[in-house]
Amino acid sequence: MSLPTLTLRGFVTVLMLVALALVPQLVELTGNAFLIDLATRCVILAIAAVSLNLILGYGRMISFGHAAYLGIGAYAVGIPVYYEIYNGYLHILVAMAVSAVFALATGLVCLRTRGVNFIMITMAFAQMVFFTFVSMEEYGGDDGLVIEVRSEFSRFINLEDATVLYYVCFASLLVVLYLVKRIVNSRFGMVIRGTRGNELRMQSLGFDTFRYKLICYVIAGTICGFAGALLGNFTNFISPEMMDWTRSGELIFMVVLGGAGSLFGPVLGVSVFLLLEEFLSGLWLYWQLVFGIFLILVVLFANGGIDSWLSGRSRRSHDS
Amino acid sequence: MTAKALLSIVNLHKSFGGVAATKQVSLDIVKGEIHAIIGPNGAGKTTLVSQLAGVLLPDSGRILFQGNDITRMPAHRRPHLGIARSFQITSIILDMTVLENVLLAVQAKAGHSYRFWANSGDDASLVEPAMASLEQVGLQNQAMQMAGPLSHGEHRQLEMAMVLATNPVLILLDEPTAGMGQEDSTRMVRTLQALKGSRTIILVEHDMNTVFTLADRITVLVEGQVIATADPDAIRSNPRVRQAYLGEELDSIPSEPHAEDSMTKSPPAC
Amino acid sequence: MDWTLLTVQFLNGLQLGILLFLLASGLTLIFGIMDVVNLAHGSLYMAGAFLCATFTQWFDSFFLGLLAALPAVAIIGLLVERIVIRRLYQRDHLDHVLATFGLILAFDALTQMIWGPDGQVIPLPAWLDGQVMLTADIVLPTYRLAIITTGLLVAVGLFVLVTQTRLGMRIRAGATNRTMISALGINIGMLFSIVFGIGAVLAGLAGMMIAPITEASIGMGNQIIIVAFVVIVIGGIGSIKGAFIAAILVGLIDTMGRSYLDALFKLFMSVQNAETSAPAISAMLIYILMAVILAVRPTGLFGPRGH
Ligand SMILES: Nc1ncnc2c1ncn2[C@@H]1O[C@H](COP(=O)(O)OP(=O)(O)OP(=O)(O)O)[C@@H](O)[C@H]1O
Ligand SMILES: [Mg+2]
């Protein structure tokens, strides 16, 4: 670690970040305005995926309800705007606070279960949020609600400008990546990773693993709630469909595709996922057939995702 | 209960669906001793250790540590009183480095770990004691290797290093030399010998050579019951013990110690 | 109290419960024995519905269509097991979830390719389309009664299969203690295929029976499969008895909740509050039930104790 040699993995990471930083310039050059939409979506989902990776990759808590936080975050923008409250700081605050409370309350129940029960109960809680919003006729119910005005911050940060919105999202991604990097290498992160490896051992060393996992779960949910607030602003639209269980499934896939348990993997996973989706759906009406098969092949043959491929390591053998 | 007892076990009882694995066990562990617990397979040794460690809750009876009732204290709080354990089947974190495993043990003792920012691998207050523990078991040269691929003997040593790193008052060792080769096993005995007097150790062990080399006192457990607690000489000559358990095994000491491989034993039926 | 409505709702709940049981029994066996989480079980449900629609058209008979569709679904199930599921046995739950999620996407797209984006209607024969008069004012649709009867018969058959036959003994042995099947010297690959085949047929049958009411549509399995998972988690994974009790419980609670919760709420809150909150709460009822049960018993009602 003393010599900063540039590995393939490091090279791709830097390249990717530079490319993302230059997207607006690229749009100007090519005149392809659609590109910035794709990039914004990519960056926002990357934040969500990075947050999911914190629990799924580092803590092996397979949450199948992470899209609920995207929905909560988006509604935390949509509902205030409906009442003509445009203060962006307030939106973000509400999005993160509600997500944190939801994660805490549900985590208290979910984390008592193991294995497939954990997967299913996280999904069940997400379904509960889904149906809550479906039943709220006031905010469009099933059909969703258009967000007329984006969050207002200051004169200098005008989200109505696509480039500004993009850079806000991109900067947020950088902050979140740095945050997660610090967390996973901290004492707290060590406890989480140790618990993934051998929870009984961690308890007999004296760690109250339940509490550590719970806090990790809350952090991940809070970050994803923030991503949801960005997503609401980006799409100008909220609907329960944002938190359908298949959305949660896609998020998991993005993380695993990129490499669960690696810092930058989820960003790669999201990018490849969206590009492929974009490419295939333009090509063939029934592209999901190819996509589904691709997904299966990735699971069967690409152990450890893109990240392990870049770093030349295959997934640890005991991850049976 | 004697005044000097560090740990008192009083009428401890535990059964699994009608089958008693611990039967009214009472035992005092004196501060500073190495107290061996021996007995045939399925005698309830691991079950007893698990209750002391808090992984299993007894049906009745009490466990007192330094005079405090810890019978129902959760497992994760006992290490903070100074109780550490090793597992019969190696229990380490395979996808971390050797050093990281021990770092976690040090960290467990160094107050709470709700620290989210500073890199724990750079923290001298963690790394130095961790390295010291690794040296104690002779694993310092493997510190940076991943724990998974190491040999079985090295896994056992690492497990011991993790126990030592928590700086415990009372150490519960469940067959620390199980499945080890001669050389590793000798090294482990030496490590334990070096601890003699400074720590209190409860040692579950099948290898009689190791037991009689290390133990200050021995308790014999048969079918969940204590049939004798005494110093090694008295145990050797105790007719009940000889009849129930030791018989020929004792006569062979100190001749060739047989390597008993507990890893090949079948798991308890459930 | 409107007794007609209550009876009808009760039967609706029972019918939902029966369908859920058909889905969940296969799911819980597959999970109990093979330790595989199969999200694509709902795709077999959908496949059953579409195949039944087509065969009904060919033979011009719902009954023959159903009979022909059953083996077809079994074949699809066996193929899926052979090609994909079999490779997942040694993997962890995360891989199961992802690979079978991929299967769902593929199945949905494939179905759309073959049948187009629109739903397929299945006409019922006249003798099933009518109504049965129970009392002067309680009138029930014949077909719903037929579904319930068929489902109960299948449930009884499944119980007999599992408790009385040699195959069933092996299945039970596998579901309660996975290491035991290899110890008994049973051909595991064969057993897994059979169990998966049975699961596929049961799921397909559920799809075929519901299709005349709702029509066969793309993605029809994607919501009910989640409820089926709720059922097996509540019932305890691997337990057929648990699946049955939980399925009926979930079916009744869900249906009754949707029709009576607002009335219940009106007893202790304002009409307006009741009308806004009842729909949300009733949609969440089964998930609340699951959360409560798991909070009290982390392995479900009849799940294995300990870990
Ligand atoms: N979790 C459990 N459930 C049911 N029975 C158990 C359980 N753990 C242990 N037993 C039973 O309790 C008895 C004592 O087992 P234990 O593992 O404590 O014996 P042991 O003395 O450690 O044996 P060994 O020398 O083989 O390690 C055995 O009969 C065993 O089958
Ligand atoms: Mg033992």
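These are my notebook entries on a predicted model, covering aromatic rings, a metal site, a ligand and one helix.

**Entry 1: aromatic pairs**

I began with the rings and searched the whole structure, which gave 32 aromatic pairs over all chains. I then took up Phe130(A) and Phe131(A): their ring centres are 5.2 Å apart and their planes stand at 85°, so I entered the pair as edge-to-face. The cut-off behind that entry is an angle over 60 degrees. I also looked up the cover of these residues, and both Phe130(A) and Phe131(A) are buried.

Next I turned to Phe188(A) and Tyr212(A). The centres of their rings lie 6.0 Å apart and the planes meet at 35°, so this pair is tilted. I noted that the pair joins distant parts of the chain, with the two positions 24 residues apart: Phe188(A) belongs to helix H8 (residues 187-197) of chain A, and Tyr212(A) to helix H10 (residues 209-235) of chain A. Both Phe188(A) and Tyr212(A) are buried.

I asked which residues form one aromatic cluster with Phe188(A) and Tyr212(A). I found Phe207(A), Tyr114(B) and Phe116(B), so named from both chain A and chain B.

In chain B, I looked up a charge placed over a ring. The charged end of Arg85(B) sits over the ring of Phe87(B), 4.0 Å from the ring centre.

**Entry 2: the magnesium ion**

I looked up which protein atoms act as donors of the magnesium ion (ligand 2). They are OG1 of Thr46(B) and OE1 of Gln88(B), at 1.8 to 2.2 Å from the ion. These two residues are 42 residues apart and link distant parts of the chain: Thr46(B) is in helix H1 (residues 45-53) of chain B, while Gln88(B) is in the loop between strand E6 (83-85) and helix H2 (98-109) of chain B.

I then compared their cover with the cut-off of 20% for buried. Thr46(B) has 29% relative accessibility and therefore counts as partly exposed. Gln88(B) has a relative accessible area of 19% and is buried.

**Entry 3: ligand 1**

I counted 14 residues around ligand 1, of which Gly42(B), Lys45(B), Thr46(B), Thr47(B) and Gln88(B) come nearest. By element, H1(B) gives the most to this shell, with 3 residues.

I recorded three side chains that place an N or O atom by an oxygen atom of ligand 1. For Gln88(B) the distance is 2.8 Å. For His206(B), a polar side-chain atom lies 2.9 Å from a ligand oxygen. For Asn41(B) the distance is 3.3 Å. Ligand 1 exposes 620 Å² when taken alone, and the protein buries 70% of that area.

**Entry 4: helix H1 of chain B**

I returned to H1(B) and asked how many of its residues are buried. The count is 8 of 9, so the helix is largely enclosed by the rest of the structure. Among the buried residues I listed Lys45(B), Thr47(B), Leu48(B) and Leu52(B). After H1(B) comes Gly54(B), which has a positive phi, near 90°.

Last, I looked up Asn101(B), which is found in helix H2 of chain B. Its relative accessible area is 0%, and Asn101(B) is buried. From Leu52(B), Asn101(B) is 49 residues away in sequence and 23 Å away in space, C-alpha to C-alpha.

Technical notes
Residues are numbered from 1 along each chain as its sequence is written. Chains are lettered from A and ligands numbered from 1 in the order in which they are written. This is a predicted model: local features need pLDDT of at least 70, side-chain atom pairs count only at pLDDT 80 or more; totals for chains, interfaces and linings use all residues. Side-chain values use heavy atoms; hydrogens and water are left out. Rings of Phe, Tyr and Trp (its six-membered ring) pair if their centres lie within 6.5 Å; planes under 30 degrees apart count as stacked, over 60 as edge-to-face and the rest as tilted. Buried means under 20% relative accessible area, exposed over 50%, partly exposed in between (1.4 Å probe, protein chains only). Helices (H or I, at least four residues) and strands (E, at least two) are DSSP runs, numbered from the N terminus. A charge sits over a ring if NZ of Lys or CZ of Arg is within 6 Å of the ring centre and within 35 degrees of the ring normal. Donors are N, O and S atoms within 2.8 Å of the metal (3.2 Å for Na, K and Ca); water is not among the atoms, so sites may look incomplete. A residue is near a molecule or strand if one of its heavy atoms lies within 4 Å of it. A polar contact is a pair of N or O atoms within 3.5 Å; within protein, one must be able to donate a hydrogen and the other to accept it, and residues adjacent in sequence count only if both atoms are side-chain atoms. Accessible areas come from the Shrake-Rupley method with a 1.4 Å probe; for residues, only the protein chains shown count as cover.
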